[in-house]
Amino acid sequence: MTAILDTSFLFALTDQSDRNHQRVLVVVRSVNEALVLPVVVLPEICYLLASRLGHRAMRHFMFSLATSEFQLEPVSAADLVRIHAVLEQYADSQLDFTDAAIVTIAERLSVTRIYTLDRRDFSMMHPKHCDYFELLP
């Protein structure tokens with residue numbers, strides 16, 4: 001199986017003082033599936049890390065990514081059309097670009113599992129390729 005990583009999960013994994021750190025650490029240590037990291041998550045997580053934990057923490061995160069087994073997944077030009085449709089569909093919820101891109105990439109790759117702490121946004125979505133996303137942890 002394959003799962004997609006979201007910003008909230010990565011932040012909790014990186015920030016040892018985060019209330020969810022231990023929970024996501026246990027999950028990461030037991031993962032036995034390919035993990036996809038959408039490239040659009042990188043600016044968001046780097047901003048959060050730098051602004052909340054400092055530039056050094058962000059640099060350390062980037063270095064650890066270079067040696068990780070995460071599959072980096074870009075957004076294609078065709079994905080932008082679907083991202084726009086998702087943003088329009090959930091306009092009342094003020095869904096952000098990164099979450100819409102995650103949904104789009106999940107649909108394109110037929111991924112149904114998302115590692116996230118953002119239950120509100122991802123639980124309300126109705127992806128085209130499945131009834132709902134399985135949200136972990």
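## Sheet, core and pocket in a predicted model

Strand 4 (residues 113-115) pairs with strand 5 in the parallel sense, over 3 bridges. The model is predicted. Within this pair, Arg113 stands opposite Glu134 of strand 5.

The whole sheet is open and has 5 strands. Their order is 3-2-1-4-5, and the pairing is parallel. Strand 3 (71-73) and strand 5 (134-136) stand at the edges. Each has a single partner strand, so one side of each is left without a neighbour in the sheet. On average, neighbouring strands are turned by 30° against each other, direction ignored.

Helix 6 (residues 97-109) packs on this sheet. Helix 6 touches strand 1 (2-5), strand 2 (34-38), strand 3 and strand 4. The direction of helix 6 makes about 165° with that of strand 1.

Next, the core. In soluble globular proteins, nonpolar side chains tend to be buried together. Here the largest nonpolar core has 42 residues. Which of them touch the most other members? They are Ile45 and Tyr115. Leaving aside neighbours within four places in sequence, the contacts of Tyr115 include Ala3, Ile4, Leu5 and Asp6. Phe9, Val27, Val31, Glu33, Leu35 and Leu136 are also in contact with Tyr115.

Then the open space. The largest pocket holds about 280 Å³. Its lining counts 14 residues. Leu13, Phe61, Ser64, Ser68 and Phe70 lie nearest the centre of the pocket. Helix 1 (7-14), strand 2 and helix 4 (55-66) are the elements that give two or more residues to the lining. Helix 4 gives the most, with 4 residues.

Two residues in contact with each other, Asp79 and Pro74, are set side by side below.

| Residue | Place | Relative accessibility | Contacts beyond four places in sequence |
|---|---|---|---|
| Asp79 | helix 5 (residues 77-89) | 5% | Pro74, Thr104, Ile105, Arg108 |
| Pro74 | loop between strand 3 and helix 5 | 49% | Val39, Asp79, Ile105, Arg108 |

Is Asp79 buried or exposed? Asp79 counts as buried, because its relative accessibility is 5% and the cut-off for buried is under 20%. Pro74, at 49%, is partly exposed. Ile105 and Arg108 are among the contacts of Asp79, and Pro74 touches Ile105 and Arg108 too.

Pro74 also touches Val39. These two residues are 35 residues apart along the chain. Their C-alpha atoms are separated by 5.3 Å.

Technical notes:
Residues are numbered from 1 along each chain as its sequence is written. This is a predicted model: local features need pLDDT of at least 70, side-chain atom pairs count only at pLDDT 80 or more; totals for chains, interfaces and linings use all residues. Side-chain values use heavy atoms; hydrogens and water are left out. Two strands pair if DSSP finds at least two bridges between them. Axes are lines fitted to C-alpha atoms, for helices over the stretch in contact, and angles run from 0 to 180 degrees between N-to-C directions. Contact means heavy atoms within 4.5 Å. A nonpolar core is a set of buried Ala, Val, Leu, Ile, Met, Phe, Trp, Tyr and Cys residues joined through side-chain atoms within 4.5 Å. Buried means under 20% relative accessible area, exposed over 50%, partly exposed in between (1.4 Å probe, protein chains only). On a 1 Å grid over the protein atoms alone, a cavity is a set of points where a 1.4 Å probe fits but cannot get out, and a pocket is an open set with protein on both sides within 12 Å along at least five of seven lines; lining residues have an atom within 4 Å of a point. Grid points are joined across faces, edges and corners, and a volume is the space filled by probe spheres set on the points.
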